[in-house]
Amino acid sequence: MNKSEKFETNCIRIQAGRSQHKEHSVPVYQTSSFVFSNAEEARDVFAEIAEGHIYTRYSNPNSDEFIQKLCALEGAEDGIATSSGMAAVFLSMIAILQPGDHLLAPKQLFGTTYLLITNVLSRWGISHTFVDCRDTASWEKHILPTTKMIYAETPSNPGLELIDLKWMCRLAEKHGLYVVIDNCFATPYIQNPLKYGADLVIHSATKFIDGQGRTISGAVLGSRESIKDVKLLARIIGPTMSPYTAWLLSKSLETLAVRMERHCSNALALAQYLEKNKEVEWVRYPFLPSHPQYKLAKKQMKLGGGLVSFELKGGIKRSMKFINALKLLSLTPNLGDSRTTITHPTTTTHSKLTSEERKESGVTDGMIRIAVGLEHIDDIIADIEQAIKKT
Ligand SMILES: Cc1ncc(COP(=O)(O)O)c(C=O)c1O
């Protein structure tokens with residue numbers, strides 16, 4: 001199908017071509033490799049002068065369909081499906097950075113990305129500076145002659161702090177830097193970083209793109225030019241996606257728009273409820289007027305997203321008691337699931353950071369992160385209310 005102007009139609013109608021069986025729903029192409037009709041065809045496909053699949057580590061009809069769809073949703077020309085979100089993060093970094101290069105990133109980052117920058121990139125002589133994402137005035141001061149990339153996520157995990165994408169891409173353009181954005185919390189339904197001039201967008205497709213907590217998966221997307229090296233590296237190193245995962249994710253994308261609408265309306269309702277509850281110390285949600293970057297959120301994001309962070313009065317002890325008193329919500333580190341999930345970042349997703357690093361990245365000891373699911377909002381709030389009352 002040709003690309004539509006409409007997000008929802010692209011989610012559903014971008015499909016791999018039908019086989020001779022004329023199936024309506026695309027099958028799983030569970031094959032390691034593809035056959036050639038003759039030696040000349042094999043030679044030409046390998047030489048990339050003829051089209052065709054070779055080997056599933058390189059490409060497969062299922063991952064192609066998934067990527068074509070995601071490209072249409074993100075406004076990208078090309079991409080690569082990866083075996084995890086972290087594989088996507090890593091590929092996007094090592095495709096661009098060389099020993100001696102410097103990376104600039106906000107302090108407000110997913111814990112494993114933070115560790116990748118501090119513990120892994122550093123081993124290969126790639127240095128970094130973390131800057132407060134809200135302190136826009138200080139970013140330029142930290143750009144060195146060796147700075148090559150700005151890497152950021154917006155909204156951030158778990159503090160839900162934002163980066164002004166327009167401002168960041170302009171800054172990067174002024175200094176000739178690459179911009180890589182993790183768009184996992186917003187999804188392409190809410191914002192498209194490439195439209196502002198980002199070079200690459202990465203996703204942990206494990207989250208809202210899957211939407212039902214069944215896979216570990218990711219993607220890197222961008223212009224044909226900017227994705228070229230990422231693809232080459234993925235083919236050589238091998239963290240590409242299995243056909244079955246790609247098939248599942250392409251099916252998941254069919255419902256992305258409707259799911260995001262409900263995730264976001266439920267999350268906003270929960271954030272408003274928490275803000276009124278006297279037992280709550282603070283609540284963070286991009287579309288609450290009390291969010292310090294509310295104006296930016298309204299300008300940059302179509303909806304507020306599916307995550308809410310908050311803290312109860314009484315700190316970490318009360319957070320643990322509260323979590324233990326929940327009956328409906330799932331205590332699990334994943335997010336973007338149809339089931340509402342809850343996490344205590346300090347003791348889980350961000351536990352490998354030092355307390356100083358957590359403080360720097362805005363993770364308070366008592367912080368609770370809820371990834372609001374698709375259950376009826378009354379049931380989600382009722383569970384939270386009964387658990388607060390028990391603590
Ligand atoms: C913002 C963000 N980026 C990247 C990742 C890594 O994704 P994955 O777990 O699929 O490797 C996560 C995982 O939680 C995340 O929250």
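1. Let us start with the overall make-up of this predicted model. Its chain holds 15 helices and 12 strands. The radius of gyration is 21 Å, close to the 21 Å that the globule rule gives for 391 residues, so the chain is as compact as a globular protein of that length.

2. A few overall figures help with getting your bearings. Along its principal axes, the C-alpha trace spans about 75 × 55 × 35 Å. Of the 391 residues in the chain, 49% are buried. If you take the contacts between residues at least 6 apart in sequence, 72% of them join residues at least 24 apart.

3. Next, the division into domains. Domain 1 covers 58–253, and domain 2 covers 256–389. Their C-alpha centres lie 24 Å apart. Where the two meet, 31 residues of domain 1 are in contact with 36 residues of domain 2. On the domain 1 side, at least two residues each come from helix 5 (111–120), helix 8 (187–190) and helix 10 (243–253). By class, that side of domain 1 has 15 nonpolar, 10 polar and 6 charged residues.

4. Now for a sheet that is worth tracing strand by strand. This open sheet has 7 strands in the order 1-7-6-5-4-2-3, and the pairing is mixed. At the edges stand strand 1 (78–82) and strand 3 (127–131); each has a single partner strand, so one side of each is left without a neighbour in the sheet. On average, neighbouring strands of this sheet are turned by 20 degrees against each other, with direction ignored.

5. Within this sheet, you may like to look at one pair of strands in detail. Strand 5 (residues 178–182) pairs with strand 6 (residues 200–204) in the parallel sense, over 3 bridges. Asp182 can serve as a landmark here, as this residue stands opposite Ile202 in strand 6.

6. Two helices can be placed against these strands. Helix 7 (residues 165–175) packs on the sheet and touches strand 4 (147–153) and strand 5. The direction of helix 7 makes about 170 degrees with that of strand 4. Helix 9 (residues 224–237) lies across strand 1, strand 6 and strand 7 (218–222). Relative to strand 1, helix 9 runs at about 30 degrees.

7. Please also check the loop between strand 4 and helix 7, where Pro155 lies. Thr154 and Pro155 are joined by a cis peptide bond, with omega about -10 degrees. Pro158 lies in the loop between strand 4 and helix 7 as well. A cis peptide bond joins Asn157 and Pro158, this time with omega about 5 degrees.

8. Finally, two residues deserve a look for their backbone angles. Lys22 is found in the loop between helix 1 (7–13) and helix 2 (39–46). Its phi is near 55 degrees, a positive value in a residue other than glycine. Is Lys22 buried or exposed? Lys22 has 6 C-beta neighbours inside 10 Å, and a residue with 12 or fewer is exposed, so Lys22 counts as exposed. Glu48 sits in the loop between helix 2 and helix 3 (61–74). For Glu48, phi is near 65 degrees, again a positive value in a residue other than glycine. Glu48 counts as exposed because it has 9 C-beta neighbours inside 10 Å.

Methods
Residues numbered from 1 in each chain as written. Predicted model: local features only at pLDDT ≥ 70, side-chain atom pairs only at ≥ 80, totals over all residues. Domains from an automatic or database assignment. Contact = placed C-beta atoms within 7 Å. Helix = DSSP H or I, 4+ residues; strand = E, 2+ residues; numbered from the N terminus. Nonpolar A, V, L, I, M, F, W, Y, C, P; charged D, E, K, R; others polar. Rg over C-alpha atoms; globule rule 2.2 N^0.38 Å. Buried ≥ 20, exposed ≤ 12 C-beta atoms within 10 Å, placed from the backbone. Pairing = 2+ DSSP bridges. Axes fitted to C-alpha atoms, helices over the stretch in contact; angles between N-to-C directions.
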